[in-house]
Amino acid sequence: MINKNSPLPIYYQIEEQIKQQIESGVLKPGDMLKSEREYAEYYDVSRMTVRQAINNLVNQGYIYKKKGSGTYVQEKKIEQALNGLTSFTEDMRKRGMEPSSRLLKFELIPATAKIAKELNLKENTPVTEIKRIRYGDGVPIAIERNLLPANLVKGLNEEIINQSLYQYIEEELNLRIADALQVIEASTASKTEADLLEIQKGSPILLIERKTFLADGTVLELVKSAYRADRYKFMITMQR
Ligand code: 16G
């Protein structure tokens, strides 16, 4: 129960109790939560207080609201280790999830000054641009845009891109993907991103920029992706 004399705000105590019920498995993914009115009666607090607790849990990705239906417990977030350089396909398979993609764009474009600089190419050199929505078990996880020097991936076609880009690069082209520099930043989904990721506009997303290098130092790709922050979290082990 809650303690009305505690210095901890009441909404926070309710939030922590629901969170605990989710973490301990009393409430399971897909379960429907009580309504605001029921919680308000149960805790003997105002609906405003309950709403604040619920909204905080929605923002933290523990629960989600379905219009005209109710509030449900979210599936567990996908935990992604940052220690290894893996592909989306590998990330999903490792967890027993089925990866799939929807191709939004596959084009040859001339490198702008900015892209040329990043990819170590001359301006206007042909660059392959790929834009895909990436799914795990049919649920949209990320929007991904890759830019690759076109001459490195000459045989690339839609069929390959619908499978794994890294697998093609390593197994068909026999190139060795060696390392990458990655930056992760918090943001919120624009209307377009929200529609593609099947989330509400303004929901939290993680923007990831990756620059990947081949073993000989050639830049292989520049990637910008937007991951659903309610479905994904990143983890790293550290040594001291
Ligand atoms: C990951 C990589 C991306 C790479 C893709 C290849 C991040 C942020 N990005 O999504 O750089 O191009 O995997 O995936 O991790 P694929 O082999 O499944 O096509």
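# Exercises on a predicted model

Arg 37 and Glu 41 form a salt bridge, with their closest N and O atoms 3.4 Å apart. The model is predicted. The exercises start from this pair and work outward.

## Exercise 1: A pair within one helix

Find how far apart Arg 37 and Glu 41 are in helix 2, and decide whether each is buried, partly exposed or exposed.

Solution.
- Step 1. Check the contact. The cut-off for a salt bridge is 4 Å between nitrogen and oxygen. The closest N and O atoms of Arg 37 and Glu 41 are 3.4 Å apart.
- Step 2. Count along the helix. The two residues are four apart in helix 2, so about one helical turn separates them.
- Step 3. Read the accessibility. Arg 37 has 44% and is partly exposed. Glu 41 has 58% and counts as exposed.

In general, side chains of opposite charge can pair when their charged atoms come close.

## Exercise 2: Other salt bridges

State how many salt bridges the whole structure has. Then describe the pairs Lys 19 with Glu 16 and Lys 4 with Asp 44.

Solution.
- Step 1. The search of the whole structure gives 13 salt bridges.
- Step 2. Take Lys 19 and Glu 16. Their closest N and O atoms lie 3.2 Å apart. They sit three residues apart in helix 1, so about one helical turn lies between them.
- Step 3. Compare burial in this pair. Lys 19 is buried at 13%, because buried means under 20% relative accessible area. Glu 16 is partly exposed at 29%.
- Step 4. Take Lys 4 and Asp 44. Their side chains meet at 3.9 Å, N to O. This pair links distant parts of the chain, 40 residues apart. Lys 4 lies in the segment before helix 1 (10-23), and Asp 44 in the loop between helix 2 (36-43) and helix 3.
- Step 5. Add accessibility. Lys 4 is partly exposed at 47%. Asp 44 is exposed at 57%.
- Step 6. Look for a network. Salt bridges link Glu 36, Arg 47 and Arg 51.

## Exercise 3: The overall layout

Give the domains of the protein and the distance between their C-alpha centres.

Solution.
- Step 1. Domain 1 covers 10-73 and domain 2 covers 78-235.
- Step 2. Their C-alpha centres lie 35 Å apart.
- Step 3. Count the elements: eight helices and 10 strands.
- Step 4. Take the extent. The C-alpha trace spans about 65 × 45 × 35 Å along its principal axes.
- Step 5. Of the 240 residues, 40% count as buried.
- Step 6. Find a contact across the chain. Val 58 is in helix 3 (residues 47-59). The C-alpha atoms of Val 58 and Asp 230 are 8.6 Å apart, although 172 residues separate them along the chain.

## Exercise 4: The six-stranded sheet

Work out the strand order of the open sheet and name its edge strands.

Solution.
- Step 1. The order is 4-5-6-9-8-7, with antiparallel pairing.
- Step 2. Strand 4 (99-110) and strand 7 (177-188) each pair on one side only, and these are the edges.
- Step 3. Neighbouring strands are turned by 15 degrees on average, direction ignored.
- Step 4. Follow the pairs. Strand 5 (residues 126-136) and strand 6 (residues 139-149) share 10 bridges, and Lys 131 has Arg 145 in strand 6 as its bridge partner. Strand 7 and strand 8 (residues 204-214) pair over 11 bridges, where Ala 180 stands opposite Thr 212. Strand 8 and strand 9 (residues 219-228) pair over nine, with Ile 208 opposite Ser 225.

## Exercise 5: Positive phi values

Where are Asn 120, Asp 137 and Gly 217, and what are their phi values?

Solution.
- Step 1. Recall the rule: most residues other than glycine have a negative phi.
- Step 2. Asn 120 lies in the loop between helix 5 (113-119) and strand 5. Its phi is near 60 degrees, a positive value. Asn 120 is exposed at 60%.
- Step 3. Asp 137 lies in the loop between strand 5 and strand 6. Its phi is positive too, near 50 degrees. Asp 137 is partly exposed at 48%.
- Step 4. Gly 217 is in the turn of the hairpin of strand 8 and strand 9, with a positive phi of about 95 degrees. Four residues lie between these strands.

Key. Residues are numbered from 1 along each chain as its sequence is written. This is a predicted model: local features need pLDDT of at least 70, side-chain atom pairs count only at pLDDT 80 or more; totals for chains, interfaces and linings use all residues. Side-chain values use heavy atoms; hydrogens and water are left out. Domain bounds come from an automatic or database domain assignment. Two strands pair if DSSP finds at least two bridges between them. Axes are lines fitted to C-alpha atoms, for helices over the stretch in contact, and angles run from 0 to 180 degrees between N-to-C directions. Buried means under 20% relative accessible area, exposed over 50%, partly exposed in between (1.4 Å probe, protein chains only).
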